[in-house]
Amino acid sequence: MTNQSKHIMKPEPKILVTGANGQIGRVLTEELRIKYGTNAVLATDITKLSVTVEPFEFLDILNVQRLREIIIDHGINQIYHLAAILSANGEWNPLKTWNINLNGLLSVLDLAREFNMQKVFFPSTIAVFGTTTPRINTAQDVPLLPSTVYGISKATGELWCNYYFKRYGLDVRSLRYPGIIGWQSLPAGGTTDYAVEIFHAALKDKQYTCFLKEDTRLPMMYMDDAIKATIDLMEVPSEHISIRYSYNLAAMSFTPAEIAAEIQNHIPEFSISYDPDFRQDIAASWSETIDDSVARKDWNWAPNYDLASMTKDMLDHLK
Ligand code: AKB
């Protein structure tokens, strides 16, 4: 390599993942480490798990001073900001949820601007949609009137991401994740959590009581596809990205009755019953199906898993 080419090359990624012990964080951190090397990816979270792999630092996302120190100490130049409280848990303490979800993001965006970071990833969600949003084949740009504080914080977060891109040129990228289903980790405090719990219950107890009604259709995605979408979006050249608030993203949509029937194809003795709670109202305010044609056009997004292939893979791994 010539001296000149050394100078024009971008520095190697040095990635910070916040919320690295969460459902998506655990899997994404592992994939990023496979791609960039273990030491290139620093996991941070407010708690440490027995399975947490070093390098790891404790981080309360509201501690801006500590976040700044970590960025400086580890020479961070990219952030995947996953730390957040989800839709159902968020309703127990709305102001705390707003503080963590929105002020945590603002700290990340502003430090990323200050330290001239290469890229930032912000996960948004189908929870930004609400009762004014068309629920079938929801388009990229639609009215947003979210019903949860989680949805409000993510919809506002999308606007801030767009603002930091337009005002400061910060290369921030974002996806509206549907419910994510994976065998590697458990979700905590979401409305779509039933679609993971059902697999564990089917294998262990052959029975599951669902907290949503049997015909509640929601957009969902297998973890492998969610990780692929995230890494593909972060890899694509900046000029391909037309959406700086957040891309619609879709793979499959199903109801509790449909996933139960699919599981019964593998475990015929499995049975499901229904006992809807407050999460039913949250789910009813979200879209049923999503139009993700802008993501497909801009960076060739396409999922690999549907309900049948996901169910088989989940059961194969969890067995
Ligand atoms: C939740 O249910 O809160 C999350 C989401 C759809 O963002 N899984």
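# Notebook: two loops, a ligand site and three helices

I began with N116, which sits in the loop between α5 (94-114) and β5 (119-125). The model is a predicted one, and I kept that in mind for each entry below.

**Backbone entries**

I looked up the phi angle of N116 and found a positive value of about 55°, although N116 is not a glycine.

Next I went to the loop between β2 (41-45) and β3 (56-58), where P55 is found. What kind of peptide bond joins E54 and P55? I noted a cis bond there, with omega about 0°.

**Ligand entries**

I then listed the residues around the ligand: L86, S87, T125, I126, Y150, G190, T191, T192 and W286. I checked three of these residues for polar atoms facing ligand oxygen.

For T125, I noted a side-chain N or O atom at 2.7 Å from an oxygen atom of the ligand. For Y150, I again looked at the side chain, and a polar atom of it lies 2.6 Å from a ligand oxygen. T191 uses its backbone: a polar atom there is 2.7 Å from an oxygen atom of the ligand.

**Helix entries: α7 and α9**

I turned to the helix pairs. At roughly what angle do the axes of α7 and α9 cross? I recorded roughly 30°, with the axes coming within 11 Å. The angle is under 35 degrees, so α7 counts as roughly parallel to α9. I entered the crossing of α7 past α9 as right-handed.

From α7, the contact takes Y194, A195, I198, F199 and A202; from α9, it takes P256, I259, A260 and I263. I sorted the residues of this contact by class and got nine nonpolar, no polar and no charged.

**Helix entries: α7 and α12**

Helix α7 covers residues 194-204, and its axis comes within 11 Å of that of α12, with a crossing of roughly 55°. That angle makes α7 oblique to α12. The hand of this crossing is right-handed.

I listed F199, H200 and L203 on the α7 side, and M310, T311, M314, L315 and L318 on the α12 side. By class I have six nonpolar, two polar and no charged residues for the contact of α7 with α12. F199 had already appeared in my entry for the contact of α7 with α9.

**Helix entries: α9 and α12**

The last pair was α9 (residues 256-264) and α12 (residues 307-318), whose axes come within 10 Å and cross at roughly 55°. I therefore wrote down α9 as oblique to α12. In which hand does α9 pass α12? The crossing is right-handed.

E258, I259, E262 and I263 make the contact from α9, and L307, A308, M310 and T311 make it from α12. How many charged residues does the contact of α9 with α12 have? I counted two, together with five nonpolar and one polar.

I went back over the lists for shared residues. I259 and I263 of α9 are in the contact with α12, and both are also in the contact with α7. On α12, M310 and T311 are in the contact with α9, and both are in the contact with α7 as well.

Methods:
Residues are numbered from 1 along each chain as its sequence is written. This is a predicted model: local features need pLDDT of at least 70, side-chain atom pairs count only at pLDDT 80 or more; totals for chains, interfaces and linings use all residues. Side-chain values use heavy atoms; hydrogens and water are left out. Axes are lines fitted to C-alpha atoms, for helices over the stretch in contact, and angles run from 0 to 180 degrees between N-to-C directions. Helices (H or I, at least four residues) and strands (E, at least two) are DSSP runs, numbered from the N terminus. Angles under 35 degrees count as roughly parallel, over 145 as roughly antiparallel, 65 to 115 as roughly perpendicular and the rest as oblique. A crossing is left-handed if the near helix is turned anticlockwise from the far one by less than a right angle, and right-handed if clockwise. Contact means heavy atoms within 4.5 Å. Ala, Val, Leu, Ile, Met, Phe, Trp, Tyr, Cys and Pro count as nonpolar, Asp, Glu, Lys and Arg as charged, and the others, Gly among them, as polar. A residue is near a molecule or strand if one of its heavy atoms lies within 4 Å of it. A polar contact is a pair of N or O atoms within 3.5 Å; within protein, one must be able to donate a hydrogen and the other to accept it, and residues adjacent in sequence count only if both atoms are side-chain atoms.
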